[in-house]
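Here is my note on the structure, set out as numbered points. Please read it with the sequence and the coordinates open.

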Amino acid sequence: MSVKTVAVCNFADLKDGQMKEVSFENEGKVVVYRLGDAVHATSAFCTHYGAPLAKGVLTADGRVVCPWHGACFNICTGDIEDAPAPSALYSFKTHIADGKIFVTADVTRTVKANMSRPPKLLSTGAVPAGKGVVIVGGGAGAFHTVESLREHGYSGNITVLSKEMHAPIDRTKLSKALITNSAKIEWRSASDLKIRYGTTLRLGVTVISVDTTTKQVIFEGGKESASYDQLILASGGTPRRLPIEGADLANVYTFRGIEDAKKVDADAQEGKRMVVIGSSFISMELVVAVSKRKLASIDVIGMEEFPFEAVLGKEVGKGLKKYHESQGVRFHMKTKVDKIVASESNPSQASGVVVNGQTIPADFVVMGVGVAPATEFLKQSGFTLEKDGGIKVDEYLRVPGHADVYAIGDIAWYPQVGTGESRRIEHWNVASNQGRAVGMTISGNPQPFVKIPIFWSAQGQQLRYCGTGAGYEDVIITGDPDEMKFIAYYVKDNRVVAVASMQNDPVVSKASELLRLGIMPSPDEIREGKNLLDVDISCAESKVRIENA
């Protein structure tokens, strides 16, 4: 350990509510923050994908938000506030002398290669007590639940029942980068979860029912069961297949996991013809991922006039469509698939997709037409499901009528901040933050779920989005979607309820905090040119103003 104390900048150069990235020794960097007269310091890079935190958003209640994907940290301790951060930051001691800010730090902890602080686990499950927590599902929600449970002192047993054959992964990289090796994108290895987190990870497990009377989860065809004190349902979604002729041909793929990525990766080779059914985010991310592979053709079939129209609106969808067309993608919009035709030479393989009586040739087909909540196992277990197969929870993510049962992620209909309206949101980051909230609740600190949804998508440029824009009534746009540089504000009931952007960081990170604090500017203010980045939420005075709002 090489601990040094270094003068990093003049105190007068750091105003109240400001943060600044400064050098530390030769190759190191830290971020210093000033709130009132107090100065704090942390490592300089987000532990998710390494974004420079100084380009993010600082809030007066001591949060720094990553400019890219909404990860949030406590500037006093470095602890995780919000996913998708998988690890905390280092925090460093500061003092002021002779008009300068001094930071004391281990030099090795200030370099980007060591940007993640090992978790401070208050418990590793070393003391078996009772049946413990059982988590059904092995995705992002499960991973962040385990992290949160141990961070907040839960000492009981934790068992994860996962249908997948690997530890929880960064699933977003499957569609965005077609990564096919799970080991490269695991958040924690199975051995790490076992040794450091005291967690039993059962892989390749199919849960068939839950007995809430005896508090048991039944799996492996009824041959095995796991008893629980608390049960967390985090089973995610199952990709839909259109009920059309040819949907089950061998080279017609859905896309959800590693095995799906392997199939698409193997087929998406130079000279091949790809047809994508559905113009969803997953579909279009796959199009971007394979666009440089010199495929003979990429055809996208969508029901809307423009891709993403239902979420982002016509104007943004039009701009994104224009970009993809510039990359050689052909769109067949405002249409639906008649059937998928089999090859004459190999009847098990698809050779084309028929739309409007015309056949689009295909060497392989990807169906990106959404997911259904993976809740089949709950139907015979006494749970009341919504029409779409989801399950309703309260503000603490508890399933009403079933003691000690929680539901998170793609399957959960949960009350929205501000309106109380129940809605199911299929965002990877929502599942992650819900896992963190449930972990705190079970550990003894009840945590209502009040996080603002955030997602991102690789569409030539990085698209950022925060809020809940479903049912928006108007869209206010600054910039030019045709140039992939814009900010879009989604309006409902005369309130800005969601914001999307491209090439305008950290606008969406700032918008998420304004929504959280309840001080988002009005639609009229936006139309008159109000810039979200000019709204002060960082200095001590702003904290008083926000608290009194």
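Does Asp 493 count as buried or exposed? At 54% relative accessibility Asp 493 counts as exposed, because the cut-off for that class is over 50%. Note before reading on that this is a predicted model.

1. Asp 493 and its neighbour. Asp 493 sits in the loop that links β35 (485-492) to β36. Its phi is positive, about 55°, although the residue is not a glycine. Asn 494 belongs to the loop between β35 and β36 as well. Phi of Asn 494 is near 60°, again a positive value in a residue other than glycine. Asn 494 is exposed, with a relative accessible area of 54%.

2. The hairpin of β2 and β3. A further positive phi, near 60°, is found at Glu 25, in the hairpin of β2 and β3. Three residues lie between the two strands of this hairpin. Strand β2 covers residues 19-24 and strand β3 residues 28-35, and they pair in the antiparallel sense over six bridges. One of the bridge partners can be checked directly: Phe 24 is matched with Gly 28 in β3.

3. Cis peptide bonds. Two bonds that lead into a proline deserve a look. The peptide bond from Ala 83 to Pro 84 is cis, with omega near 15°. Pro 84 lies in the loop between β8 (80-82) and β9 (91-97). The peptide bond from Asp 505 to Pro 506 is also cis, and its omega is near 5°. The loop that holds Pro 506 runs between β36 (495-502) and α10 (507-517).

4. The five-stranded sheet. Five strands form an open sheet in the order β19-β26-β20-β21-β22, with parallel pairing. Its edge strands are β19 (252-253) and β22 (329-332), each of which pairs on one side only. Within the sheet, β20 (residues 273-277) and β21 (residues 297-301) run parallel and are joined by five bridges. Arg 273 has Ser 297 of β21 as its bridge partner.

5. Gly 257, after an edge strand. The loop between β19 and α4 (258-267) contains Gly 257. Is Gly 257 buried or exposed? Its relative accessible area is 9%, and since buried means under 20%, Gly 257 is buried. Leaving aside neighbours within four places in sequence, Gly 257 is in contact with Glu 164, Arg 171 and Leu 174. By contrast, Glu 245 is 12 residues away along the chain, and the C-alpha atoms of Gly 257 and Glu 245 are separated by 24 Å.

6. Gly 444, another loop glycine. Gly 444 is placed in the loop between α9 (428-442) and β32 (454-459). With a relative accessible area of 59%, Gly 444 is exposed. Its C-alpha atom is separated by 24 Å from that of Ser 235, and the two residues are 209 apart along the chain.

7. Strands β12 and β13. Strand β12 (residues 158-161) pairs with β13 in the parallel sense, over four bridges. The bridge partner of Ile 158 in β13 is Thr 199. Which side chains of β13 (residues 199-202) are buried? Those of Thr 199 and Leu 201 are, and they point to one face. Thr 200 and Arg 202 point to the other face and are not buried.

8. The chain as a whole. The protein chain has 12 helices and 36 strands. Its radius of gyration is 24 Å, close to the 24 Å that the globule rule gives for 549 residues, so the chain is as compact as a globular protein of that length. Taken along the principal axes, the C-alpha atoms fill a box of roughly 85 × 60 × 45 Å. Buried residues make up 55% of the 549 residues. Among contacts between residues at least 6 apart in sequence, 60% join residues at least 24 apart.

9. Surface and charge. The accessible surface of the protein chain comes to about 22700 Å², and 48% of it belongs to carbon and sulfur atoms. There are 62 positive and 63 negative side chains, and the centres of the two sets lie 3 Å apart.

Definitions and conventions: Residues are numbered from 1 along each chain as its sequence is written. This is a predicted model: local features need pLDDT of at least 70, side-chain atom pairs count only at pLDDT 80 or more; totals for chains, interfaces and linings use all residues. Side-chain values use heavy atoms; hydrogens and water are left out. Two strands pair if DSSP finds at least two bridges between them. The radius of gyration is taken over C-alpha atoms; the globule rule is 2.2 Å times the number of residues to the power 0.38. Buried means under 20% relative accessible area, exposed over 50%, partly exposed in between (1.4 Å probe, protein chains only). Contact means heavy atoms within 4.5 Å. Accessible areas come from the Shrake-Rupley method with a 1.4 Å probe; for residues, only the protein chains shown count as cover. Lys and Arg count as positive and Asp and Glu as negative; His and the chain ends are not counted. The place of a charge is taken as NZ of Lys, CZ of Arg, CG of Asp or CD of Glu.
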